[in-house]
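Q: I would like to learn how to read a single residue, then the sheets, a covalent link and the confidence values. Where do we begin?

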Amino acid sequence: MRYTAKLAGAGLVLIAGAACASPAAVSPPPASGPAASQPGTTVPEQPPVPKPSPKPGSQPPPSKVGKPVPPQQLDAKALPAGFPRDVAVGPDGKTVIVRAEEGGCGHATVEAKEQTPQRVVLNLVETTAQTHKMCTMDIRYPVVSTQLADPLGTRTLVLTSEQRKQ
């Protein structure tokens with residue numbers, strides 16, 4: 001008897017889950033307005049709803065936040081292979097927005113190492129704590145920013161990276 005009750009309960013859960021996941025269960029909102037009440041007229045199709053970002057809490061790329069730094073102005077040769085090279089400048093010209101890389105227990109930041117009339121050197125730093133706790137093996141690409149003393153303008157932007165222990 002107990003087995004039958006469990007089986008029936010599991011069946012109900014499966015049926016409810018299938019009904020919730022079925023695309024047929026979602027119906028479009030009823031049409032309204034003068035065109036909907038006239039026979040033989042069609043209601044124009046609604047524009048598609050934008051899809052949410054694939055990762056909850058993900059940040060927009062720097063190029064969506066500011067003006068992308070032109071490739072000929074960017075020197076990212078010192079970055080490891082596969083490291084993101086997505087860089088933009090904010091509307092004020094002094095805010096540099098960079099896509100960084102961090103993993104597990106790491107935390108990414110950016111710091112201005114050098115600012116001369118010819119170039120700006122930004123160092124992307126991943127800091128990890130010196131603890132003996134387990135860390136996940138994931139890689140994240142957060143957006144970080146820093147303020148320059150003067151607008152970037154036409155100066156060359158050099159990107160470097162390093163890992164530090166806290």
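A: We begin with T160, which is placed in strand β10. Bear in mind throughout that this is a predicted model.

Q: Is T160 buried or exposed?
A: The cut-off for buried is under 20% relative accessible area. T160 has 18% relative accessibility, so this residue counts as buried.

Q: Which residues is T160 in contact with, apart from its neighbours within four places in sequence?
A: The contacts of T160 are A78, L79, K113, V121, L122, N123 and L124.

Q: How do I read the sheet that contains β10, and in what order do its strands come?
A: Start from the general idea: strands of a sheet pair through backbone hydrogen bonds, and the pairing is either parallel or antiparallel. In this case four strands make an open sheet with the order β2-β10-β7-β6, and the pairing is mixed. The strands β2 (74–75) and β6 (107–115) are at the edges with a single partner strand each, so each has one side without a neighbour in the sheet.

Q: How many bridges join β7 to β10?
A: There are 10 bridges between strand β7 (residues 119–128) and strand β10 (residues 156–165), and the two run parallel. To follow the register, take pairs of residues. L122 is opposite L159 in β10, and T127 has R164 of β10 as its bridge partner.

Q: In what sense do β2 and β10 pair?
A: β2 and β10 pair in the parallel sense, over two bridges. On this side of the sheet, D75 stands opposite V158 in β10.

Q: What is the strand order in the antiparallel sheet?
A: The order is β1-β3-β4-β9, an open sheet of four strands with antiparallel pairing. Its edge strands, β1 (67–68) and β9 (143–147), each pair on one side only. Inside this sheet, three bridges connect strand β3 (residues 87–89) with strand β4 (residues 95–99) in the antiparallel sense. One position to check is V87, whose bridge partner in β4 is V98.

Q: How many disulfides does a search of the whole structure find?
A: The search finds one disulfide. The pair is C105 and C135, with sulfur atoms 1.8 Å apart. C105 is in the loop between β5 (102–103) and β6, and C135 is in the loop between β7 and β8 (139–140), so the disulfide ties together parts that are 30 residues apart in sequence.

Q: Why is the disulfide of C105 and C135 called left-handed?
A: Handedness is read from the torsion about the S-S bond. For C105 and C135 this torsion is about -105°, so the disulfide is left-handed. As for accessibility, C105 counts as partly exposed at 27%, and C135 also counts as partly exposed, at 36%.

Q: What is the mean pLDDT of the protein, and which elements have the lowest and highest means?
A: The general rule is that where pLDDT is low, the predicted coordinates should not be read in detail. Here the mean for the protein is 78, and 63% of its residues reach 70 or more. Among the elements, helix α2 (residues 34–37) has the lowest mean pLDDT at 50, while β2 has the highest at 96.

Q: Over which residues does pLDDT stay under 50?
A: That stretch is residues 49–57, for which the model has one contact beyond four places in sequence.

Terms used: Residues are numbered from 1 along each chain as its sequence is written. This is a predicted model: local features need pLDDT of at least 70, side-chain atom pairs count only at pLDDT 80 or more; totals for chains, interfaces and linings use all residues. Side-chain values use heavy atoms; hydrogens and water are left out. Two strands pair if DSSP finds at least two bridges between them. pLDDT is the predictor's confidence in each residue, from 0 to 100. Contact means heavy atoms within 4.5 Å. A disulfide is a pair of cysteine sulfur atoms within 2.5 Å. Buried means under 20% relative accessible area, exposed over 50%, partly exposed in between (1.4 Å probe, protein chains only).
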